[in-house]
Amino acid sequence: MKQITINTFRSDVIYQKILEAPIEKKEDIFRYELMKPFQEKWDIYRIPLKAKQPRGYDIVMASDMLGYLTPKKVDDTVREQIKLLSDDGFWEKCQRSIELSFQQFLEYGIELPRKDYVFTNILLNPESPYAIMCDNYCGDGGIPGYITGALVPSKETLARVPIALAHEVNHNVRFQFELWRDDITVGEYMICEGLAENFATSLYGEDQVGPWVSKTDQETLNDYIKPIIFDGLDKSGMAEITGYMYGDEMAKMRDYFPVGLPYCAGYACGYYLIKHYLHKTGKSIVEATLTPAAEILREVKDFWK
């Protein structure tokens, strides 16, 4: 693709290798063959590939906390999942989605500071509450240059991941211009997620909106969610904002502060806020993606009424 390069890293090959490896070899294959291509990302997250002390914090422990399938669980029980993950057509659809997503910005004339990108798909642990809550698929695009899908492979999730990747590309672009901060506020985080999901639906249709939005009905949004989030717009730091963005259940799992909200309330609120902003201003989603959060929030004061 003009201006940028997208490198697809086929994780299915590595998972097959982990599957066939003796138990004592599985973790090192996971660390140094599956996760090492993303080391810059893990370094930013302060996650070492291997802990200096036995049973210390490293990429294996972090993966378990994130809901990923850890290497010792890559056994005969997930053989069929690896087979599904190995579908060439699935990887081609993922690649096309990422290319299509970046193309929207390049054709608009946006010069991306980051030129090289790495993409893969990671297996989720089907027993993880994180996987269950997001209908067994999600993604991560918060670190520019790195895009991952995550899934428990099935016919349904193989179809949904390419759409989620468009969401993640939007993050990848925005965070090259609006840099992530550890003290990001609820309002800023909500804007990021609302932009990303509106971008995905602009490409694939509103009927393809993710469960982080579709599980919230309009009555709950307007009568219950909006007032709580409006009062918390200036809250900052993950301990404070997790409850607003992901809901009480997720906040409690992470030992953060619940605020009385259902699953992914902040995602749903952000989605409809950005939809309101786009309608009001006439801006394209591409233009809005590079608009500062403060400017967007000033423009949508009537959204909260």
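Author: Contact here means heavy atoms within 4.5 Å. The model is predicted, and the word "pack" below rests on that cut-off.

Reader: Which helices do the buried residues of α11 pack against?

Author: The partners are α9 (186-204), α12 (238-246) and α14 (265-281). By the cut-off, heavy atoms within 4.5 Å are what makes this a contact.

Reader: Which residues of α11 are called buried, and what makes them so?

Author: Leu221, Ile225, Lys226 and Ile229 are the buried residues of α11. The word means a relative accessible area under 20%.

Reader: How do you know that the length of α11 agrees with that of a helix?

Author: Helix α11 covers residues 218-231, which is 14 residues. The expected span is 1.5 Å times one less than the number of residues. That gives 20 Å for α11, and the end C-alpha atoms lie 19 Å apart, so the two agree.

Reader: Where in α11 is there a kink?

Author: At isoleucine 225, where the kink is about 45 degrees, shortly before proline 227. The bend is the angle between axes fitted to the seven residues ending at a residue and the seven starting there. Isoleucine 225 is also one of the buried residues of α11.

Reader: What makes the pair at the start of α11 a polar contact?

Author: A side-chain oxygen of aspartate 217 comes within 3.1 Å of the backbone nitrogen of glutamate 219. The cut-off for a pair of N or O atoms is 3.5 Å, so this pair falls inside it.

Reader: Why is the sheet called open and mixed, and what is the order of its strands?

Author: The order of the 4 strands is β1-β2-β4-β3, and the pairing is mixed. The edge strands are β1 (5-8) and β3 (137-140), each pairing on one side only. From one strand to the next, the twist averages 20 degrees.

Reader: How do you know that β2 and β4 are paired, and which way do they run?

Author: Two strands pair if there are at least two bridges between them. Strand β2 (residues 116-123) has 6 bridges to strand β4 (residues 146-151), and the two run parallel. Among the bridge partners, asparagine 121 has glycine 149 in β4.

Reader: Which helices pack on the sheet?

Author: Helix α6 (residues 88-107) touches β1, β2 and β4, and its direction makes about 140 degrees with that of β2. Helix α8 (residues 155-174) touches β2, β3 and β4, and its direction makes about 150 degrees with that of β4.

Reader: What makes β3 and β4 a pair, and are they parallel or antiparallel?

Author: They are joined by 4 bridges and run antiparallel. At least two bridges are needed for a pair, so the requirement is met. Glycine 139 stands opposite glycine 149 in β4. The hairpin of β3 and β4 has 5 residues between the strands, and glycine 145 there takes a positive phi near 105 degrees.

Reader: Why is lysine 41 called buried or exposed, whichever applies?

Author: Lysine 41 lies in helix α3 (residues 39-44). Its relative accessibility is 1%, and the cut-off for buried is under 20%, so lysine 41 counts as buried. Leaving out residues up to four places away in sequence, lysine 41 touches Asp140, Ile143, Tyr146 and Thr148.

Reader: What is the class of proline 211, and how do you know?

Author: Proline 211 belongs to helix α10 (residues 211-214). At 4% relative accessibility, with buried being under 20%, proline 211 counts as buried. Beyond four places in sequence, proline 211 touches Cys134, Asp135, Tyr137 and Tyr263.

Reader: What makes proline 126 differ from a buried residue?

Author: Proline 126 has 34% relative accessibility, which is between the limits of 20% and 50%, so proline 126 counts as partly exposed. The place of proline 126 is the loop between β2 and α7 (129-133).

Reader: What is the phi of arginine 55 and of cysteine 264?

Author: Most residues other than glycine have a negative phi. Arginine 55 has a positive value near 60 degrees, and cysteine 264 has a positive value near 50 degrees.

Reader: Which of the words buried and exposed applies to arginine 55, and which to cysteine 264?

Author: Arginine 55, in the loop between α3 and α4 (59-66), has a relative accessible area of 79%, over the 50% limit, and is therefore exposed. Cysteine 264, in the loop between α13 (248-253) and α14, has 4%, under the 20% limit, and is therefore buried.

Note on methods: Residues numbered from 1 in each chain as written. Predicted model: local features only at pLDDT ≥ 70, side-chain atom pairs only at ≥ 80, totals over all residues. Heavy atoms only, no water. Buried < 20%, exposed > 50% of the residue type's maximum accessible area, 1.4 Å probe, protein only. Polar contact = N/O pair within 3.5 Å; in protein donor to acceptor, adjacent residues only side chain to side chain. Axes fitted to C-alpha atoms, helices over the stretch in contact; angles between N-to-C directions.
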